[in-house]
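Please open the model in your viewer and keep the selection tool at hand. Each stop on this tour names something to select and then describes what is there.

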Amino acid sequence: HHQSALEILVTEPDTVALAALYEDIATQSIMSGETEAALASAQKALDLAKKMNSYEAIARSYLTLGSIMNWTGEKKRARECLEKGLNIALDNGFLDIAVGAYNEVAGTFPIEEEEKAMEYYKKGYDLAKKVGTIYKQSWIAANLATRHLGKGEMTKAVLMAEESVIL
C-alpha cells in the first residue's frame, strides 16, 4: 500500500499527505529492522515538511526522525530532534503532538538523568490530561509507573499503573 500511495503522490505537487506517507514508511521500516531506509524516509518527510513550511508536519517529522534515532541508540541526536519537534508543537498549539514528544524525549535520558526523564513524563502526562487524550495519558502513566518501580517507589508505581489500566 505504501508503494501504491507513493506512486500516486510523487506525481502530484508536494503535499502534507506525502510527508505523512514518508513518516509512515519510516516507522514501518524501523519496525522491520530496516534502519537506513527508516532514517532516509524520515529525513524525506522532514525535508518535504520544511519545503512546504508546514509546522505541524515539521513537528511530526522531527518526532519520527528522533524516535528512530532513539531506537537505534543515537540518544543525543534523538533528543535534539525530539526537542525541536516538541518546541515547534508547543509554539504552534499542536498539543497532541507535544504530548507524544514529551513522552519520547523522556525516553532518551540515561538512568543517571532519571529526574529529567521524570520531569518530561510528568509534563506530558499533565498536558495529556489537559487536552483529553486518554490513550496517551494511559501510555505515559504506564511509563511513569515503570520509572517509579525502577526507583523503588512502589506506592507511586502501583498508583500510576492502576490509573493507566483504568484509563
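Begin by selecting Thr 64, which has its place in helix H4, in a model that, as you should keep in mind throughout, is predicted rather than determined by experiment. Is Thr 64 buried or exposed? Its relative accessibility is 12%, and because buried means under 20%, Thr 64 counts as buried. Now show what surrounds Thr 64: not counting residues up to four places away in sequence, Thr 64 touches Glu 23, Ala 26, Thr 27 and Ala 42.

Stay in helix H4 and select Ser 67, which is also found there. With a relative accessibility of 9%, Ser 67 counts as buried, and once its neighbours within four places in sequence are left aside, Ser 67 is in contact with Leu 82 and Glu 104.

**The largest pocket**

Keep Thr 64 and Ser 67 highlighted, since both belong to the next stop. The largest pocket has a volume of about 400 Å³, and among the 16 residues that line this pocket, those closest to its centre are Thr 27, Arg 60, Leu 63, Thr 64 and Ser 67. Which helix supplies the largest share of the lining? That share, 6 residues, comes from H4, while H2, H4, H6 and H8 each supply at least two residues of the lining. If you colour the lining by class, you should find 6 nonpolar, 4 polar and 6 charged residues.

**Helix H6**

Next select residues 95-106, which form helix H6. This helix has 12 residues and reaches 17 Å from its first C-alpha to its last, which is close to the 16 Å expected at 1.5 Å a residue. Why can H6 be described as largely enclosed by the rest of the structure? The reason is that 10 of its 12 residues are buried; these are Ile 97, Ala 98, Val 99, Gly 100, Ala 101, Tyr 102, Asn 103, Glu 104, Val 105 and Ala 106. To see what encloses them, display helix H4 (55-71), helix H5 (75-91), helix H7 (114-131) and helix H8 (134-150), against which the buried residues of H6 pack.

**The nonpolar cores**

Now turn to the largest nonpolar core, which has 40 residues, and select Tyr 120 and Leu 144, the two that touch the most other members. The elements that give two or more residues to this core are helix H2 (16-31), helix H3 (35-52), H4, H5, H6, H7 and H8, and the largest share, 8 residues, comes from H4. Another core, of 9 residues, lies apart from the largest one, and among its members are Leu 18, Leu 21, Ile 25 and Ala 45.

Go back to Leu 144 and show its surroundings: leaving aside neighbours within four places in sequence, Leu 144 is in contact with Met 118, Tyr 121, Lys 122, Tyr 125 and Met 160.

**Helix H8 and what follows**

Leu 144 is one of the buried residues of H8, a list that also includes Ile 140, Ala 141, Ala 145 and His 148. What covers the buried residues of H8 includes H6, H7 and H9. Measuring along H8 in your viewer makes a useful check, because its 17 residues should span 24 Å at 1.5 Å a residue, and its end C-alpha atoms are indeed 24 Å apart. After H8 comes Gly 152, whose phi is positive, near 80 degrees.

Move on to Ala 161, which lies in helix H9 (residues 154-166) and is partly exposed, with a relative accessible area of 32%. Select Ala 142 together with Ala 161, and you will find that their C-alpha atoms are separated by 5.5 Å, although the two residues are 19 residues apart along the chain.

**Helix H3 and the loop after it**

For the last stops, select Ala 49 in helix H3, a buried residue with a relative accessible area of 0%. Apart from neighbours within four places in sequence, Ala 49 is in contact with Ser 54, Ala 57, Ile 58 and Ser 61; between Ala 49 and Ser 61, which are 12 residues apart in sequence, the C-alpha to C-alpha distance is 7.4 Å.

Finish at Asn 53, in the loop between H3 and H4. Asn 53 counts as partly exposed, at 48% relative accessibility, and its phi is near 60 degrees, a positive value in a residue other than glycine.

Definitions and conventions. Residues are numbered from 1 along each chain as its sequence is written. This is a predicted model: local features need pLDDT of at least 70, side-chain atom pairs count only at pLDDT 80 or more; totals for chains, interfaces and linings use all residues. Side-chain values use heavy atoms; hydrogens and water are left out. Helices (H or I, at least four residues) and strands (E, at least two) are DSSP runs, numbered from the N terminus. The expected span of a helix is 1.5 Å times one less than its number of residues. Buried means under 20% relative accessible area, exposed over 50%, partly exposed in between (1.4 Å probe, protein chains only). Contact means heavy atoms within 4.5 Å. A nonpolar core is a set of buried Ala, Val, Leu, Ile, Met, Phe, Trp, Tyr and Cys residues joined through side-chain atoms within 4.5 Å. On a 1 Å grid over the protein atoms alone, a cavity is a set of points where a 1.4 Å probe fits but cannot get out, and a pocket is an open set with protein on both sides within 12 Å along at least five of seven lines; lining residues have an atom within 4 Å of a point. Grid points are joined across faces, edges and corners, and a volume is the space filled by probe spheres set on the points. Ala, Val, Leu, Ile, Met, Phe, Trp, Tyr, Cys and Pro count as nonpolar, Asp, Glu, Lys and Arg as charged, and the others, Gly among them, as polar.
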